[in-house]
Each structure stands twice: as C-alpha cells, then as structure tokens.
Amino acid sequence: MRFGPHNTPVPVAFAACCAGVGIFSVMDAVMKGLSLSIGAYNALLWRGVAGLAIGGVAMLFARTARPTPAVLRLHMLRGVVVAFMALTFFWALTKLPMAEAIALSFVAPLIALYLAAILLGERVGPQAVWASVLGLCGVGVIMAARIAGSHEGDALLGVVAVLGSAALYAWNLVLQRQQAQLSSPVEIAFYQNLVIFLVMALEAPWYGVIPSTADAPLAVGAAALAFISLLFLSWAYARAEAQILIPVEYSAFIWSAIVGWLAFDERLEMTTLAGAALIVAGCLIATRAKPQSAAHVEAGQA
C-alpha cells in the first residue's frame with residue numbers, strides 16, 4: 001500500500017478528498033439558492049460572516065499557534081483568490097444548471113496539474129497528459145452546444161464567469177497544496193473565511209443587504225458545509241500529492257447533477273452528459289497514474 005506524508009495510506013487521503021468534494025457540491029446547491037434570493041455577492045458576504053464565527057470557535061478549541069509572516073501571506077493570497085473565484089462561480093450558478101457549470105469548471109484541475117508541475121516540482125506523467133486531453137475534449141463538447149445557441153438569456157455570460165472562476169480555481173488548487181503542507185486544516189479554514197469576509201466587506205456599504213429570516217439559515221448552513229469540506233480537503237492535500245487528488249474534483253459532476261435535479265428541477269442535456277463522460281474517462285486514467293515524488297514547500301517559498 002502506498003503511503004504519503006505523515007505515513008497516511010494514499011487511499012485514505014483519496015477517500016477524504018472524495019468526501020470533501022461531495023460536501024462542497026451540496027454547499028454549492030445551498031449557495032445557488034441563496035444567490036438566487038439575495039444575489040451572489042450578499043450570499044458570499046453572509047456565508048463569510050457565519051464561516052468566520054464557526055472558524056473562530058474551532059480555532060479556540062484547537063489552540064492553534066499564530067502563523068509565521070510567510071504563512072500568513074499565503075493565507076491572505078489564497079483567501080483573495082478564493083474570494084473572487086467563489087464570487088464569479090456563484091454568480092454563474094444563477095445563470096447555468098449546476099451540472100453544466102461544474103462540468104465547465106473541470107478545466108481548472110487540468111490547468112492545475114501543470115501548475116503543480118511548475119510551482120511544486122511535481123512530475124506530470126503521460127497518463128495524466130492523456131487524461132487532460134480527454135477532459136478538455138469533454139469541456140469542448142459542452143461549450144460547443146452552448147455556443148451553437150442551444151441556450152438563452154445570460155447563459156453565455158455564465159459560461160465566461162465559470163471559465164474565469166476556473167482559472168482562479170486552478171491557482172487555488174496549487175496554493176491549497178502549499179498551504180496544506182504548512183498549516184493545520186482548522187487554521188486554513190479560519191483564515192480563508194476571514195480573508196473572504198474582509199474582501200466582501202469592502203463593498204458592503206454599497207451592495208450589502210440584510211438576509212431575511214428564511215435566508216439566514218441558508219447562509220449558516222453553507223458556511224458549515226464549506227468549513228467541513230475545507231477540513232477534509234486540507235487534511236487530504238497534506239497527505240497526498242496534488243496529481244493524485246486533483247482528479248477527484250471530477251466527482252463533483254455526479255453530485256451536482258443529483259442535487260441540481262432534486263433542488264432546482266434541472267435536467268441534464270445530452271451534450272453535458274457526453275462531455276462529462278469524456279471528463280470522467282480522463283479522471284479514471286489520471287487516478288491510475290503512478291504517484292511521483294513532490295518537493296516539500298518551505299515557508300520561505302510561500
């Protein structure tokens with residue numbers, strides 16, 4: 001059995017990452033409902049308020065030491081990246097079906113495979129390259145149907161927003177790998193929520209609105225789901241290489257299709273299914289790739 005850092009079996013880290021992605025997909029559905037009600041900005045703002053409270057309590061119980069200046073800079077950088085990544089993605093969810101938005105966002109893990117090679121020194125094997133080709137073909141199938149005019153309204157703007165979010169998400173995945181090697185999951189979750197809240201609060205005097213009694217529980221629920229998911233993902237990324245875990249992101253399509261159908265009565269387009277099939281095929285190839293040794297990230301490099 002393969003072991004990663006901390007002598008954790010790779011399958012255990014893989015399973016933890018799967019759980020994190022599944023929980024995050026449910027959070028996406030909650031945030032879509034909240035964004036449709038009060039707008040993506042306010043949904044993220046109030047999720048940040050609730051997340052900061054949850055993270056603060058967790059930090060008190062964990063008694064986490066104050067991060068070094070280098071680690072704090074990494075927390076701030078990733079928090080800003082995630083803030084804009086989340087804002088564009090949740091706005092896109094108000095324009096697109098969940099499964100389609102998630103499928104389009106799969107370009108991010110493909111980009112991140114190569115960012116991990118450049119920034120973390122991880123080797124991208126030939127199987128991962130073939131996985132990337134299949135995944136990109138799947139994204140192309142979905143986008144071709146959209147460009148051909150099979151959808152209406154602001155959908156194309158939603159596509160642009162998803163792709164912009166995906167580019168930020170690719171950077172986020174690599175930062176997550178660096179962060180997970182330097183900080184505890186609780187510390188990562190707390191500072192991410194703190195920075196997201198601070199970024200969103202800058203515009204609150206102009207765009208902020210108080211959520212209704214019906215919307216407030218959604219904000220708290222989304223914050224709790226995001227916090228739990230981040231704990232799983234941070235724990236997993238500290239114990240296995242990004243090249244092994246990044247393909248797990250593809251499983252979000254299954255969750256989003258199910259939740260989108262149950263919560264929003266969204267039906268799957270055949271082109272979305274076809275594109276997802278290619279992406280899943282790429283995922284299966286990538287997960288069978290032999291793990292490569294990754295260089296540890298020092299605090300000074302963050």
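**A walk through an all-helix chain**

A236 is buried, with a relative accessible area of 0%. This alanine lies in helix α10, which spans residues 216-237, of a model that is predicted. Leaving out residues up to four places away in sequence, A236 touches A13, A16, C17 and L245. Its C-alpha atom is 8.3 Å from that of A15, although A236 and A15 are 221 residues apart in sequence.

The chain as a whole gives the setting for this contact. There are 13 helices and zero strands, so the pattern read along the sequence is α-α-α-α-α-α-α-α-α-α-α-α-α. Of the 302 residues, 50% count as buried. Taking contacts between residues at least 6 apart in sequence, 88% join residues at least 24 apart.

Next comes the nonpolar interior. The largest nonpolar core has 68 residues, and M31, F90 and M200 are the members that touch the most others. Helix α1, residues 10-38, supplies the largest share of this core, with eleven residues. Another core lies apart from it and has nine residues, including A58, I188, A189 and F190.

Two helices are worth following from here, α1 and α3. The axes of α1 and α3 (residues 69-93) come within 9 Å and cross at roughly 70°. An angle of 65 to 115 degrees counts as roughly perpendicular, and α1 and α3 are therefore roughly perpendicular to each other. On the α1 side the meeting residues are M27, D28, M31, K32 and S35, and on the α3 side they are F89, F90 and L93. Setting aside neighbours within four places in sequence, F90 is in contact with M27, D28, M31 and S35, and also with A40, L44 and R47.

S35 can be read from the other side of this crossing. Its place is in helix α1, and at 4% relative accessibility S35 counts as buried. Beyond residues up to four places away in sequence, S35 touches A40, A43, F90 and T94. The C-alpha atoms of S35 and L87 are separated by 9.9 Å, with their positions 52 residues apart along the chain. K32, one of the α1 residues that meet α3, also has its charged end over the ring of F264, 5.0 Å from the ring centre.

Further along the chain, helix α3 also holds R78. Is this arginine buried or exposed? R78 is buried, because its relative accessible area is 3% and the cut-off for buried is under 20%. Apart from residues up to four places away in sequence, R78 touches N172, L175, Q176, Q179, I188, Q192 and L230. One of these contacts, I188, is among the residues of the nine-residue core.

F190 belongs to that nine-residue core as well, and the ring of F190 takes part in an aromatic pair with Y191. The structure holds three aromatic pairs. In the pair of F190 and Y191, the ring centres are 5.1 Å apart and the planes stand at 80°, so the pair is edge-to-face. F190 is buried, with a relative accessible area of 16%, and Y191 counts as buried at 13% relative accessibility.

Helix α4, residues 98-105, shows burial over a whole element. Eight of its eight residues are buried, so α4 is largely enclosed by the rest of the structure. The buried residues are M98, A99, E100, A101, I102, A103, L104 and S105, a list in which the glutamate E100 and the serine S105 stand beside nonpolar residues.

Two loop residues give the opposite case. R63 is found in the loop between α2 (40-62) and α3, and at 77% relative accessibility R63 counts as exposed. The C-alpha atoms of R63 and E187 are separated by 9.7 Å, with the two residues 124 apart along the chain. D265 is found in the loop between α12 (252-264) and α13 (270-287). At 63% relative accessibility, D265 counts as exposed, and it has a positive phi of about 55° although it is not a glycine.

Methods
Residues are numbered from 1 along each chain as its sequence is written. This is a predicted model: local features need pLDDT of at least 70, side-chain atom pairs count only at pLDDT 80 or more; totals for chains, interfaces and linings use all residues. Side-chain values use heavy atoms; hydrogens and water are left out. Buried means under 20% relative accessible area, exposed over 50%, partly exposed in between (1.4 Å probe, protein chains only). Helices (H or I, at least four residues) and strands (E, at least two) are DSSP runs, numbered from the N terminus. A nonpolar core is a set of buried Ala, Val, Leu, Ile, Met, Phe, Trp, Tyr and Cys residues joined through side-chain atoms within 4.5 Å. Contact means heavy atoms within 4.5 Å. Rings of Phe, Tyr and Trp (its six-membered ring) pair if their centres lie within 6.5 Å; planes under 30 degrees apart count as stacked, over 60 as edge-to-face and the rest as tilted. A charge sits over a ring if NZ of Lys or CZ of Arg is within 6 Å of the ring centre and within 35 degrees of the ring normal. Axes are lines fitted to C-alpha atoms, for helices over the stretch in contact, and angles run from 0 to 180 degrees between N-to-C directions. Angles under 35 degrees count as roughly parallel, over 145 as roughly antiparallel, 65 to 115 as roughly perpendicular and the rest as oblique.
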